[in-house]
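Biologist: Please take one part of this structure and go through it closely, then work outwards from there. I am new to it, so explain each term when it comes up.

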Amino acid sequence: MKIRILKNELNESIQHVSKAISSRTTIPILTGIKLEVNFQGVTLTASDTDISIQAFIPQEDNNKQIVQIERPGSVVLPAKFFVEIIKKLPSSEIEMEVKEGFQTFIRSGSTDIQMVGLDPEEFPVLPIIEEDQVISLPGDLLRNMIKQTVFSISTHETTPILTGVLWNLSDNLFKFVATDRHRLASRTAPIDNTEEVRFSNIVISGKTLNELSKIIPDQNTMVDIVVADNQVLFKIDRVLFYSRILDGTYPDTSKIIPSHYKTELVVDTKKLSDSIDRAYLLSREEKTNIVRLQTLEDGSIEISSSSSELGKVTEQLDVVDFSGDPLKISFNSKYMLDVLKVVESEQLHIGFTGAMSPIIVKPTDESRSLYLILPYRTTN
């Protein structure tokens, strides 16, 4: 194999595929990035068995030559060194040559590097996916849906299914749900589903979705999603991102969402966020993150928290609207702040069905997202 390639194009593809490299793998070949060169261009692949990412660099794009191919071939190069060194090469063009025994020579400007490559035949073959179930949606919508749900996944490997986000698609509505049993986030989006694709109980690791969202470009690129038996494939421009579907059945969370409320508030998102943020400073010192919310007779609310060592913070907050019974409730301020960070609406509707029942938070400007936080039982 022998090629000349533009550094920026190679570096961008390496950054994409390197997101699939795991430092914890016990399989030596998976610590590397596989390069395959034919006369169409260069394909880079990385995998950690749960996710695999492949990026293609064409020989030319928009009449601009990106790769000059002298001799096709393939090699696997150690990712840790390869990722860093390509970034730091001095010239805008790189020459790569693989010789006998997979010895790889990289030249750029006056820099010469020799790397010990591995046999590409040992690299696992990517799954072959039947493209029966395919949907397309804008990249910024997908990235938003991930951001607005993934923070609620469980971080405990004891219940692997809850470390993922549940996907359901029916009647042209695409729904994401994430829960760690203490809180829940859900986000729905209508999609143009001309083929009437349907699926349920597709659960994808939250960690995987975070890596995926980093690859989705800022310009509004369409993302094709192909759902198969145990894999999901995302096609983004010239990048293919394969993810394993988590095994198991996701719990039915629909029963825990109340349909009516005893107390309802409409509040300014930023004011509530700032107030809880201040209360959180004390509550985190207690390692509990507990903040109390209480309705007052004049229709405002009081936010308070205390620390046995530092003292107490109390703050009154005007609300846009209040209806129902008086209420005093305690909750995890960090969970509430996580919600407030991802909500884009200027105002929030918060529903309560009692001091020990779930708190439901919904943006007022749309009905497509819903957040649930379980309250705390406190002694005072």
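**Helices, sheets and pockets**

Modeller: Helix α5 (residues 269–283) lies across β21, β22, β23 and β25, and runs at about 170° to β23. This is a predicted model, in which local features need pLDDT of at least 70 and side-chain atom pairs count only at pLDDT 80 or more, while totals for chains, interfaces and linings use all residues. Residues are numbered from 1 along each chain as its sequence is written, and side-chain values use heavy atoms, with hydrogens and water left out.

Some terms are needed here. Helices (H or I, at least four residues) and strands (E, at least two) are DSSP runs, numbered from the N terminus. Contact means heavy atoms within 4.5 Å. Axes are lines fitted to C-alpha atoms, for helices over the stretch in contact, and angles run from 0 to 180 degrees between N-to-C directions.

The strands under α5 belong to an open sheet of four, in the order β23-β22-β21-β25, with antiparallel pairing. Two strands pair if DSSP finds at least two bridges between them. β23 (311–317) and β25 (328–332) are the edge strands, each pairing on one side only. On average, neighbouring strands of this sheet are turned by 20° against each other, direction ignored. Within the sheet, β21 (residues 290–295) and β22 (residues 301–307) pair in the antiparallel sense over four bridges. Arg 292 stands opposite Ser 304 in β22. Another helix, α6 (residues 333–342), lies across β21 and β25, running at about 80° to β25.

There is also an open sheet of eight strands, with antiparallel pairing and the order β8-β2-β3-β4-β19-β18-β17-β12. Its edge strands are β8 (73–78) and β12, each of which pairs on one side only. From one strand to the next, the twist averages 15°.

At the β12 end of that order, six bridges join β12 (residues 133–138) to β17 (residues 222–227), and these two run antiparallel. Ser 136 stands opposite Asp 224 in β17. Asp 224 also stands opposite Lys 235 in β18. β17 and β18 (residues 231–236) run antiparallel and are joined by five bridges, and a hairpin of three residues connects them. β18 then pairs with β19 in the antiparallel sense over six bridges, with Arg 244 in β19 as the bridge partner of Gln 231. In a regular strand the side chains alternate between the two faces of the sheet.

Helices lie on this sheet as well. α2 (residues 79–88) lies across β2 (32–38) and β8, at about 95° to β8. α3 lies across β12, β17 and β18, at about 95° to β12.

α3 (residues 139–147) also meets α4: their axes come within 10 Å and cross at roughly 145°. The crossing is left-handed, a term for a near helix turned anticlockwise from the far one by less than a right angle. Leu 142, Arg 143 and Ile 146 of α3 make the contact with Leu 209, Leu 212 and Ser 213 of α4. By class, four of these residues are nonpolar, one is polar and one is charged. Ala, Val, Leu, Ile, Met, Phe, Trp, Tyr, Cys and Pro count as nonpolar, Asp, Glu, Lys and Arg as charged, and the others, Gly among them, as polar.

α4 leads on to the pockets. On a 1 Å grid over the protein atoms alone, a pocket is an open set of points where a 1.4 Å probe fits, with protein on both sides within 12 Å along at least five of seven lines; lining residues have an atom within 4 Å of a point. Grid points are joined across faces, edges and corners, and a volume is the space filled by probe spheres set on the points.

The largest pocket has a volume of about 660 Å³. It is lined by 25 residues, and Arg 24, Asp 50, Ser 205, Lys 207 and Thr 208 are the closest to its centre. The elements giving two or more residues to this lining are α4 (206–215) and β19 (239–244). α4 gives the most, with four residues. The lining has six nonpolar, 10 polar and nine charged residues.

The second largest pocket holds about 330 Å³. Of its 15 lining residues, Glu 12, His 16, Asp 237, Arg 238 and Val 239 lie nearest its centre. α1 (7–17) and β4 (51–58) each supply at least two residues of this lining, which divides into eight nonpolar, three polar and four charged residues.
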